[in-house]
Amino acid sequence: MKLYVDMDGTLVDFVAQVSAHGFWRKDKVNKVDWAKVKAMGTSFWTEMNWINGAEAAFAKLYDMEKRGELELFILSSIDFDSGIDGKKQWLQRNTDFPLEKAIFVTEPEDKAEYAAPDAWLIDDRVKSLDPFAAAGGNVIEFKGDWKAALEAVAAAMNLD
Ligand SMILES: [Mg+2]
């Protein structure tokens, strides 16, 4: 099976980083001020912390790939260059995962381009999950609990 793992909200704590810098919009609730994020450049992304439990879980998934049990990919949506560069730098600093297996698409729904009967997506957003499922892929909704997500991966492998 191919396993695609989202970054923001799944591996890295995007919300905490937006809050730490006060990059929420003043005129709307729960909306990011992207102009401020872009102005900060790559360090906004490189300084991000792992989501609770994600570091150990990702290491476990990468070990499973090394044993040939699954094919692992990062699948992240980001629509500007400093974001892509920052995410790549984060991966280089925090993992030894090969960058050629990190896929960046423009919009959340573009992740559906990678949907297939043997493909699974772990992601925190229905905006990514619903189109992926509609395109024939399999989804695991990440709700902040990596133990549950890993159990879902194990269950998926048993089906495979
Ligand atoms: Mg996400």
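In the predicted model, the secondary structure of the chain amounts to seven helices and five strands, and these elements follow one another from the N terminus in the order β-α-α-α-α-β-α-β-β-α-β-α. The C-alpha atoms occupy a box of roughly 45 × 30 × 25 Å along the principal axes. For a chain of 160 residues, a compact globule would be expected to have a radius of gyration near 15 Å, and the value of 15 Å computed for the chain therefore agrees with this expectation. Of the 160 residues, 32% count as buried, and among the contacts with a separation of 6 or more, 59% are accounted for by residues 24 or more positions apart.

The five strands form an open sheet with parallel pairing, in which the order is E3-E2-E1-E4-E5. Strand E3 (102–105) and E5 occupy the edges, and because each has a single partner strand, one side of each is left without a neighbour in the sheet. From one strand to the next, the twist averages 25°. Helix H5 (residues 81–94) packs on this sheet, where it touches strand E2 (71–77) and E3, and its direction makes about 160° with that of E3.

Within the sheet, strand E4 (residues 119–123) is joined to strand E1 (residues 2–5) by four bridges, the two strands running parallel, and in this pairing Leu3 stands opposite Trp120 of E4. E4 also pairs with strand E5 (residues 138–141), again over four bridges and in the parallel sense. In the pairing with E5, Ile140 is the bridge partner of Ile122, while Asp123 stands opposite Glu141. The connection from E4 to E5 passes through helix H6 (residues 126–134), and this β-α-β crossover is right-handed. H6 itself lies across E2, E4 and E5, and runs at about 165° to E4.

The surroundings of E4 were examined further with respect to burial. Five of the five residues of the strand are buried, so that E4 is largely enclosed by the rest of the structure. In a regular strand, side chains alternate between the two faces of the sheet. In E4, Ala119, Leu121 and Asp123 lie on one side, Trp120 and Ile122 lie on the other, and all of these residues are buried, such that both faces of the strand are covered. Two of these buried residues have already been noted in the pairing with E5, namely Ile122, with its partner Ile140, and Asp123, opposite Glu141.

Terms used. Residues numbered from 1 in each chain as written. Predicted model: local features only at pLDDT ≥ 70, side-chain atom pairs only at ≥ 80, totals over all residues. Buried ≥ 20, exposed ≤ 12 C-beta atoms within 10 Å, placed from the backbone. Pairing = 2+ DSSP bridges. Right-handed = clockwise from strand over helix to strand, strands pointing away. Rg over C-alpha atoms; globule rule 2.2 N^0.38 Å. Contact = placed C-beta atoms within 7 Å. Axes fitted to C-alpha atoms, helices over the stretch in contact; angles between N-to-C directions.
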